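Student: I have a structure open and would like to test the labels people put on it. Could we take them one at a time and ask what earns each one?
Tutor: Happily! Let's have a look.

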Amino acid sequence: MSSKVCKHCGSSDIDVDQARGDAVCMGCGSVLEDNIIVSEVEFVESGGGSLAVGQFVSSEGGNKNPSFGDGYFPGTGSESRAQTLQRAKHHIYTLGHQLQMNQHCLDTAFNFYKIALNKSLTRGRKAIHVIAACIYLVCRTEGTPHMLLDLSDIVQVNVWVLGKTFLLLSRELCINAPAIDPCLYIPRFTQMLEFGEKSREVSMTALRLVQRMKRDWMHTGRRPSGLCGAALLVAARLHDFCRTIKEIVNVVKVCETTLRKRLTEFEDTPTSQLTIEEFMKVDLDQECDPPCFTAGLKKKKSQQLELELKKKIEDFEDEIHGYQDEIDLELESCRPKLRGVYAAYTKEECLSDALNSTSSKGTEEMTESNELLAVAKHFGKELHEITLEALIKLEKEGSEEDENQQENENIPKRKGPTLASILGRMSSSATLGLSESISNCAVDDVEKDDITDNGELDLSGIDDSEIDFYLLSDNEVKIKTALWMAENSDYLKEQKEKEAKIQKEKELGIYKEKKPRSQSRRNTTIRAKTADEAIEKMLEQKKISTKINYDVLKDLNVKPSPSQASEAESPKLKQSATRTAGSNRRPAPTRTPLSLSTPLSTLGKRLQPFISKQPNKKLAVEKTEATSSPTVTEVAHPSEVVVEHGPVIYDDVEEEEDEEEPCVSAMELLGGDGYGCDGEYDDGY
Amino acid sequence: MDSKNDEALDIIVTNVVATFRTRCHLNLRKIALEGTNVIYKPEMGKVLMKLRKPKITASIWSSGKIICTGATSEEEAKLGARRLARCLQKLGFKVRFSAFRVVNVLAVCSMPFAVHLINFTTNNRPIASYEPELHPAATYRIKNLKATVQVFSTGSLTVTGPNVQNVAAAVEHIYPILYECQKPRCK
């Protein structure tokens with residue numbers, strides 16, 4: 001305020017009324033200022049109440065100043081953030097209504113979404129994932145009986161993906177959702193299983209069962225729905241309802257095996273021994289260990305037992321070996337000495353026999369590896385390609401030979417331990433027949449701590465000969481190449497075709513590195529002075545359709561000749577009502593008479609409603625056809641009417657005109673929602 | 001120092017993942033055709049090569065980056081990586097062994113008691129998270145050690161961290177917390 005002192009009387013007592021916008025001196029009563037610029041909020045009466053006058057400018061919003069007149073989007077905010085929020089809200093409400101959640105929860109979910117948006121957690125994630133996660137977050141904090149599985153069913157997204165997003169959200173938003181209590185799900189499942197009048201009792205029993213399960217530690221680490229399923233099954237049977245496992249599986253969404261397992265686990269608890277009445281009244285104090293814990297203990301015990309048994313077996317083995325040796329000696333002494341050629345052979349066999357029976361590791365290894373090499377040569381493969389089965393076969397052959405040579409009773413047990421000892425060795429060394437290199441490497445294995453960053457490969461501890469095993473010889477390379485080519489022929493073909501294509505395109509000069517998304521057209525708004533210009537420009541920009549007679553369209557400025565047009569129009573319109581949108585653009589062979597610039601007055605009362613909303617540019621062409629025929633009867637329902645003033649802007653809303661569309665009714669084509677004609681516009685022209 | 005009992009907890013390292021670079025371009029097809037124990041995955045653009053002695057699986061990319069998994073100790077990982085580089089050298093590539101780095105270590109450990117997961121999560125709210133619908137274990141992330149511990153209700157843990165010391169430190173860190181939430185043995 002400039003004046004602090006009144007000019008006339010000099011008093012400094014000035015009353016400034018912000019609402020009226022004037023400054024009055026209290027001393028002499030003279031008006032010092034009026035029409036001060038006020039910054040009050042004004043309200044305007046409108047249909048449902050009073051609206052504040054003004055434009056919404058978001059605080060987070062972009063730098064774009066909303067331009068007046070252009071860029072007019074009916075019903076939506078013009079800024080990206082507002083649009084995102086609007087879309088998210090819509091999605092949240094749709095999902096929420098499908099889940100029958102109340103309004104309060106949905107609002108909370110929307111708030112979560114806003115926070116997530118501010119923290120840029122929506123970047124790089126599909127919007128629907130974030131929305132579903134927000135909703136589930138609300139479900140957990142409010143304690144509604146909605147499972148993540150339900151959400152994933154509706155949204156058709158993998159449960160684990162949703163779960164990941166949910167976990168991330170809850171971590172970032174620092175929202176600690178309380179743990180899921182299986183008791184929450186019981187009423188919901190009971191309802192779905194339709195127990196009728198007894199549902200309350202059944203649910204009570206089921207609740208008690210679940211609580212008992214909780215105390216018996218069956219619920220940690222398990223899906224709550226599984227427990228509920230088992231509890232409900234038992235409760236139903238207790239109350240003489242025969243619900244099959246299949247029905248329960250459908251409701252609870254766990255598989256049969258899980259249910260059975262839960263039931264068996266429950267069976268193991270002492271509670272299962274109680275009768276029904278006892279169960280309802282008495283609560284056992286004793287608690288159990290979680291079932292997997294007991295299973296683990298059992299495993300440990302059985303392993304220990306096995307070890308003990310093994311030891312015992314080994315002891316027996318030694319005894320048996322001792323006996324064997326004795327028997328051998330005896331036989332040797334008793335056997336008649338062979339003379340001649342065969343004497344030499346028997347001696348050799350005995351020697352090998354003795355070697356085998358002493359089972360010294362080194363010699364066995366040697367024989368083994370020699371045998372392996374022999375086998376390998378026989379099969380033409382590399383040493384390390386021999387599988388375990390081959391080795392087992394070999395072992396059997398070897399032991400069979402031994403048995404034959406011994407001429408003794410079969411000691412089948414002999415097979416077992418040698419194989420076991422071999423297996424034992426194998427598991428520790430993990431190679432077949434590479435024992436020498438193992439011992440070498442074990443000695444040479446000296447690690448140098450400093451990393452030679454210049455890239456030199458430190459060869460200490462690396463046995464070259466072993467590495468050579470990893471490389472195939474030339475012959476093998478050829479074989480493998482042939483095999484590989486045969487195996488991957490499809491893939492190679494594809495690659496060749498791709499390359500050929502790229503070559504061709506390069507030659508033709510239309511080769512694009514990557515197909516860029518055709519988004520360039522999205523943002524260009526056509527500005528035209530008249531509707532006709534707008535249509536022309538739009539058509540130029542749009543893809544050229546084969547179904548449009550462009551010469552005809554160019555003459556859009558010609559005035560209408562209603563009579564000749566009407567006959568042409570009405571059959572065409574009848575067709576247009578049933579055909580796809582693209583083909584609807586086919587104008588009549590005779591002229592499409594009207595342009596939008598023809599005043600409404602010439603059209604007649606019936607046709608005014610057919611001028612519809614602007615964003616649908618299909619309609620622009622349709623309109624011209626439709627408005628020409630006054631006798632159109634099938635397009636009976638007037639659509640929402642918008643009378644256009646001034647220049648008309650058509651936004652390039654992406655419309656899939658060239659794609660297949662199902663039969664679209666003429667009303668939809670004209671953009672009508674079936675709302676009925678607004679009374680105001682029926683002005684009686 | 002720590003509230004461990006007299007009996008020592010066995011921390012068994014089950015997997016060590018390491019990466020290194022060969023500083024030269026590798027022809028995957030040649031490796032696939034001339035090496036044994038290789039699987040070529042052209043759609044993913046890599047070759048899987050399995051070594052026997054340190055039992056290691058290596059993913060080899062044509063850019064020369066290699067990831068080795070399956071080793072049971074850091075030294076073994078380094079040995080296996082060097083072997084692999086040697087093997088590639090023999091195939092004819094000018095391999096230089098550089099930027100060897102252990103990326104991840106996975107270890108398992110077992111507590112002598114069972115753990116009450118729900119109490120555990122409630123006490124350690126933002127650090128621990130437990131989602132029975134998704135995974136039977138509670139996840140505990142130690143930020144300064146960059147380690148993640150997954151606690152099962154039986155008392156078994158799996159710990160993942162950038163190196164073996166971190167993993168051991170993580171176990172020591174989490175032991176007292178678990179001790180408080182233990183479930184008393186009854187049978």
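Student: What makes β1, β2 and β3 of chain A a sheet, and in which order do the strands lie?
Tutor: This is a predicted model, and in it the three strands form an open sheet in the order β1-β2-β3 with antiparallel pairing. Two strands count as paired when there are at least two bridges between them. β1(A) and β2(A) are joined by 4 bridges, and β2(A), residues 22–25, is joined to β3(A) by 2 bridges. Both pairs therefore satisfy the rule of at least two bridges.

Student: Why are β1 and β3 of chain A at the edges?
Tutor: β1 (14–17) and β3 (31–33) of chain A each have a single partner strand, so one side of each is left without a neighbour in the sheet. On average, neighbouring strands of this sheet are turned by 30 degrees against each other, direction ignored.

Student: Which residues could I click on to see the bridges of β2(A)?
Tutor: Try A23(A), which has E33(A) in β3(A) as a bridge partner. A23(A) in β2(A) is also the bridge partner of V16(A). For V24(A), the partner in β3(A) is V31(A).

Student: What links the strands into hairpins, and which turn residues have a positive phi?
Tutor: In the hairpin of β1(A) and β2(A) there are 4 residues between the strands, and G21(A) in the turn has a positive phi of about 80 degrees. The hairpin of β2(A) and β3(A) has 5 residues between its strands, with G29(A) in the turn at a positive phi of about 80 degrees. Another hairpin in chain A joins β4(A) to β5(A) through 2 residues.

Student: How do you know that β4(A) and β5(A) are paired?
Tutor: Count the bridges: 4 of them join β4 (residues 43–46) to β5 (residues 49–52) of chain A, and the strands run antiparallel. The threshold is at least two bridges, so the pair qualifies. As an example, S46(A) stands opposite G49(A) in β5(A).

Student: Now chain B. How many strands form its open sheet, and what makes a strand an edge strand there?
Tutor: There are 10 strands, ordered β2-β3-β4-β5-β1-β6-β11-β10-β9-β8, and the pairing is antiparallel. β2 and β8 of chain B are the edge strands, as each pairs on one side only. From one strand to the next, the twist averages 15 degrees.

Student: How do you know which strands flank β1(B)?
Tutor: Again by bridges. β1(B), residues 12–21, pairs with β6(B) over 8 bridges in the antiparallel sense, and R21(B) has S98(B) as its bridge partner there. β1(B) also pairs with β5(B), residues 65–71, over 5 antiparallel bridges, where F20(B) stands opposite I66(B). Elsewhere in chain B, 6 antiparallel bridges hold the pairing of β3(B) with β4(B), residues 56–61, and V47(B) has I60(B) as its partner.

Student: Why is the link between E131(B) and R140(A) called a salt bridge?
Tutor: The closest N and O atoms of E131(B) and R140(A) are 2.4 Å apart. The cut-off is 4 Å between a side-chain nitrogen of Lys or Arg and a carboxyl oxygen of Asp or Glu, so this pair passes. The count between chain B and chain A is 1 salt bridge, and the count over all chains is 8.

Student: What does the salt bridge of K253(A) and D150(A) tie together?
Tutor: Its N to O distance is 3.4 Å, which is within 4 Å and therefore counts. K253(A) lies in the loop between α9 (245–252) and α10 (256–268) of chain A, and D150(A) in helix α4 (residues 148–155), so the pair ties together parts that are 103 residues apart in sequence.

Student: What makes up the contact between the chains?
Tutor: Chain B gives 53 residues and chain A gives 66. The buried area is about 5,500 Å², with 58% from carbon and sulfur atoms. There are also 3 residue pairs in polar contact between the chains, both residues at pLDDT 80 or more. On the side of chain B that touches chain A, the largest share, 10 residues, comes from α2(B). By class, that side has 24 nonpolar, 9 polar and 20 charged residues.

Notes. Residues numbered from 1 in each chain as written. Chains lettered and ligands numbered in written order. Predicted model: local features only at pLDDT ≥ 70, side-chain atom pairs only at ≥ 80, totals over all residues. Heavy atoms only, no water. Contact = heavy atoms within 4.5 Å. Buried area = accessible area lost by both parts, 1.4 Å probe. Polar contact = N/O pair within 3.5 Å; in protein donor to acceptor, adjacent residues only side chain to side chain. Nonpolar A, V, L, I, M, F, W, Y, C, P; charged D, E, K, R; others polar. Axes fitted to C-alpha atoms, helices over the stretch in contact; angles between N-to-C directions.
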